Amino acid sequence: MSDLTKLTLKAAVDGLKARDFSSEEITRAFLANIETANPRLNAYVLPTADKALDMARAADARLAKGEGGPLEGAPLGVKDLFCTDGVQTTAGSNMLKGFVPPYESTVTANLWRDGAVMLGKLNMDEFAMGSSNETSAFGPVVNPWKSGVSNADLTPGGSSGGSASAVAGDLCLAATASDTGGSIRQPAAFTGTVGVKPTYGRASRFGMVAFASSLDQAGPITKTVEDAAILLRSMCSFDPKDSTSLDVETPDWSQSLGKSVKGLRIGIPNEYVVDGMPAEQMELWEKGQAWLREAGAEIVEISLPHTKYALPAYYIIAPAEASSNLARYDGMRFGHRAAEAKSLTDLYETSRAEGFGKEVQRRLTIGAYVLSAGFYDAYYVRALKVRRRIAEDFDKVWDRVDAILTPSTPSAAFAIGDRQIDPVTMYLNDVFTVTANLAGLPGISVPAGLDKAGLPLGLQVIGKALDEATVFQVAGALEDAAGFVARPEKWW
Amino acid sequence: MAVDVATVRRVAHLARIKTPEERLEPLAQELNGILAWIEQLNEVDVEGVEPMTSNVHQPLRLRDDVVTDGNKVADVLSNAPKSADGFFVVPKVVE
């Protein structure tokens, strides 16, 4: 039998349903890949082999009776941000090492309801704060892709670097991920995979370790646009346990694929060009426009004038929300508690200094600063006003366009260690993705080409709130036209 | 609005993160780098703009005021660094 681990999620689910192979077989194949690859790629922080095989056998029993959900028997990876009942969940932090949730996140509960099999928990930047997976307490994830001009280990991006690396390296059929400023779409772009952040409120945040609650959304990283449509549908649901969950129907987005984009109006924002962006990324963006034009779409030049202010506003809002969310880690009820302290305050401060890594400490300090007396209006309130300006930019163009096409990232994957000199340089990775978080809009990154060094580059489609259908339709057309079939050469 | 060492010390305390003296100066420099970049928000005309705290265009749902969960002492304590007799054990708060 051909290599089961190279299948798409769609092909695997169909094959399982047709009983061409069993869930146990494909699960064992992935577990073998993980065993070989993980010492090099570091994508999983916790493989759960026994649990995976138990779940696979249960799925096989259901499939044998002709039963089973839409993901029955499909082995998936889970970002270590989703609480999994009885399975350690750390969010990539020493603060939560040894934390075993006594409950399941709604997103993962939905996957198990639909028959999926959990292969393990995936590495990530600590508390999802990072763009290169280098802030993880478990060490950086390595990108399966190598540049043609250097043998250096490359970052898979972040914060969902483990998810992206595992999908690109055939260590799972698909993976869950989360996106606060670009943490699904940037790693997808860096690894030649597809990543979707749905409309804010589509996927429940219950049981997702919180970073910045007004921005956090779960979504999938997959090999194809169709796989993303399938997995996202399972992940999304209305959830009374999340006060911001939207009480709306979850459509079958795979129905949008293959639909012609003829007549669709695609916006090209003038402002999505940044200094130092490689010519290849610009060329790919132009190619994307040409593909959609050839497929019958109308290309419309638009302006989103507040784009350049999105990242600075984000670096006030996200740290402010984080400083509030992460106040719960005080070493009292769960999480790391320092062994010795002189007073209660000293115990809080020492526990947090020991438990949090450098980038998390930096962001919590910024957050406390912008919320502190005397600075609250100048920084925090101003950022919230700018946020509205950014959202209004989008509102103003939706009567002229149906979706927006942009590059996913300003560059291809970079070497581990390359951007650590200056935090702001690292933050610029999210320049094209963060606007969709601030405005709550759906966005997808689709692999669309390779740069001169042979590394994947992505294009992003942003849509109207709750209009993932058009986003998938356009993404499908881009995928068809790009014909992106390149895979990383196995070196691990 | 440059941040000095005294401010960093105060803010680190607000954030309840113990920061060694030798780390304060480098942290001040990092924060100043980030804040200098953030300063560009002052260019935006935000006159009369309502602060945007949420993306959700629906009023917050209310639920019936009834108990729907509970009686999970063992679950609640299962990750406690220290517990005894169904309680969290914490250091002495009042001297």
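This briefing covers the two chains, the annotated site, the contact between the chains and some backbone details.

The model is predicted. Chain A has 15 helices and 11 strands, and chain B has three helices and two strands. Chain A is as compact as a globular protein of its length, because its radius of gyration of 21 Å is close to the 23 Å that the globule rule gives for 492 residues. For chain B the radius of gyration is 23 Å, where a compact globule of 95 residues would have one near 12 Å.

**Chain A: overall build**

- The C-alpha trace of chain A spans about 65 × 55 × 50 Å along its principal axes.
- Of the 492 residues in chain A, 62% are buried.
- Take the contacts in chain A with a separation of 6 or more: residues 24 or more positions apart account for 77% of them.
- Helix α7 of chain A runs over residues 225-235, and 11 of its 11 residues are buried, so the rest of the structure largely encloses this helix.
- Among the buried residues of α7(A) are the charged side chains Glu226(A), Asp227(A) and Arg233(A).
- Val225(A), Ile230(A), Leu231(A), Leu232(A) and Met235(A) are also among the buried residues of α7(A).

**Chain B: overall build**

- The elements of chain B run α-α-α-β-β from the N terminus on.
- Along its principal axes, the C-alpha trace of chain B spans about 55 × 45 × 25 Å.
- Buried residues make up 18% of the 95 residues of chain B.

**The annotated site in chain A**

- An unreviewed UniProt entry carries the annotation "active site" for Lys79(A), Ser159(A) and Ser183(A).
- These residues span 105 residues in sequence, yet no two of their C-alpha atoms are more than 11.3 Å apart, so they gather at one spot.
- Lys79(A) sits in strand β2 of chain A, residues 75-79.
- Lys79(A) counts as buried because it has 32 C-beta neighbours inside 10 Å, and the cut-off for burial is 20 or more.
- Beyond residues up to four places away in sequence, Lys79(A) touches residues including Leu122(A), Met124(A), Ser160(A) and Gly162(A).
- The contacts of Lys79(A) also include Ser163(A) and a run made up of Ala175(A), Thr176(A), Ala177(A) and Ser178(A).
- Ser159(A) lies in the loop between β3 (117-122) and α5 (161-168) of chain A.
- Ser159(A) is buried too, with 34 C-beta neighbours inside 10 Å.
- Leaving aside neighbours within four places in sequence, Ser159(A) is in contact with Ser183(A), another residue of the annotation.
- Other contacts of Ser159(A) include Met124(A), Asp125(A), Ala128(A), Met129(A), Gly130(A) and Asn133(A).

**Contact between the chains**

- Chain A puts 53 residues into the contact, and chain B puts in 39 residues.
- On the chain A side, α9 (310-325), α10 (344-355), α11 (358-371), α12 (376-397) and α13 (423-427) each supply at least two residues.
- The largest share of that side, 10 residues, comes from α12(A).
- By class, the side of chain A that touches chain B has 30 nonpolar, 12 polar and 11 charged residues.
- α9(A) packs against helix α2 of chain B (residues 21-38) at an angle of about 130°, with the axes 9 Å apart.
- At that angle, α9(A) is oblique to α2(B).
- Pro312(A), Tyr315(A) and Ile316(A) in α9(A) meet Ile34(B), Trp37(B) and Ile38(B) in α2(B).
- The residues of this helix pair's contact divide into six nonpolar, no polar and no charged.

**Backbone details**

- Most residues other than glycine have a negative phi, and most peptide bonds are trans.
- The peptide bond that joins Gly158(A) and Ser159(A) is cis, with omega about 5°.
- Ser159(A) is one of the residues with the "active site" annotation in the UniProt entry.
- Ala128(A) has a positive phi, near 65°.
- Ala128(A) lies in the loop between β3 and α5 of chain A, and is buried with 30 other C-beta atoms within 10 Å.
- Ala128(A) is also one of the residues in contact with Ser159(A).
- Asn71(B) has a positive phi of about 55°.
- Asn71(B) is found in the loop between α2 and α3 (73-77) of chain B.
- Asn71(B) counts as exposed because it has 8 C-beta neighbours inside 10 Å.

Conventions:
Residues numbered from 1 in each chain as written. Chains lettered and ligands numbered in written order. Predicted model: local features only at pLDDT ≥ 70, side-chain atom pairs only at ≥ 80, totals over all residues. Helix = DSSP H or I, 4+ residues; strand = E, 2+ residues; numbered from the N terminus. Rg over C-alpha atoms; globule rule 2.2 N^0.38 Å. Buried ≥ 20, exposed ≤ 12 C-beta atoms within 10 Å, placed from the backbone. UniProt positions renumbered as here; feature names shortened; annotations may be inferred. Contact = placed C-beta atoms within 7 Å. Axes fitted to C-alpha atoms, helices over the stretch in contact; angles between N-to-C directions. Parallel < 35°, antiparallel > 145°, perpendicular 65-115°, else oblique.
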